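I opened this notebook to look up how charged side chains pair in the structure shown below. The entries follow the order in which I checked them.

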Amino acid sequence: LSIASNHLDVMPLATACLKQLRFLRANDNRIESVPADVVKLPQLRELHLADNLMITLPHECWRHAEWLETLDLCGNRLTQMPYQMAFCTSLTILGLARNPDLPQGISEASYKGADAVLQHL
């Protein structure tokens, strides 16, 4: 499902009801937060949230995102990464570029891949 480039301020609530959703592209909007229920979708493999306005991510939902393989958070305003993301054991692609306020250690680890970031958390 692509809802990219739609000038959205919030993720549509109906998105969290799509239990068979595997790919969600919500990049290039004005989304400030991602609902935990979207992250917990049982079939979700790719979540693209690049170029939005997110500063923080939800904390409690990542232990339910163990099948998530791709998470693109490039070009946001993130200031931290929740340590609970370490539960995303299938994550192979984690985009964090262009988040200038992330702690230096996370930024440096992001150049080494998803595993390095998750170990850093």
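Is Lys-40 buried, exposed or partly exposed, and at what relative accessibility? I looked this up in what is a predicted model, and Lys-40 counts as partly exposed, at 32% relative accessibility.

Entry on its partner. I found that the side chain of Lys-40 meets that of Asp-37 in a salt bridge, at 3.8 Å from N to O. I then checked Asp-37, which counts as partly exposed at 46% relative accessibility.

Entry on the search. I ran through the whole structure and noted 4 salt bridges, among them the pair just described and the two that I take up next.

Entry on Arg-25 and Glu-46. I recorded a salt bridge between these side chains at 4.0 Å, N to O. The pair links distant parts of the chain, since Arg-25 sits in strand S1 (residues 23-25) and Glu-46 in strand S2 (residues 46-48), 21 residues apart. I noted that Arg-25 is partly exposed, with a relative accessible area of 39%, whereas Glu-46 has a relative accessible area of 19% and is therefore buried, the cut-off being under 20%.

Entry on Asp-51 and Arg-98. I read off 2.7 Å, N to O, for the salt bridge between these side chains. Asp-51 lies in the loop between S2 and strand S3 (70-72), and Arg-98 in the loop between strand S4 (93-95) and helix H2 (104-110), so the pair ties together parts that are 47 residues apart in sequence. For accessibility I wrote down 30% for Asp-51, which counts as partly exposed, and 52% for Arg-98, which counts as exposed.

Terms used:
Residues numbered from 1 in each chain as written. Predicted model: local features only at pLDDT ≥ 70, side-chain atom pairs only at ≥ 80, totals over all residues. Heavy atoms only, no water. Helix = DSSP H or I, 4+ residues; strand = E, 2+ residues; numbered from the N terminus. Buried < 20%, exposed > 50% of the residue type's maximum accessible area, 1.4 Å probe, protein only.
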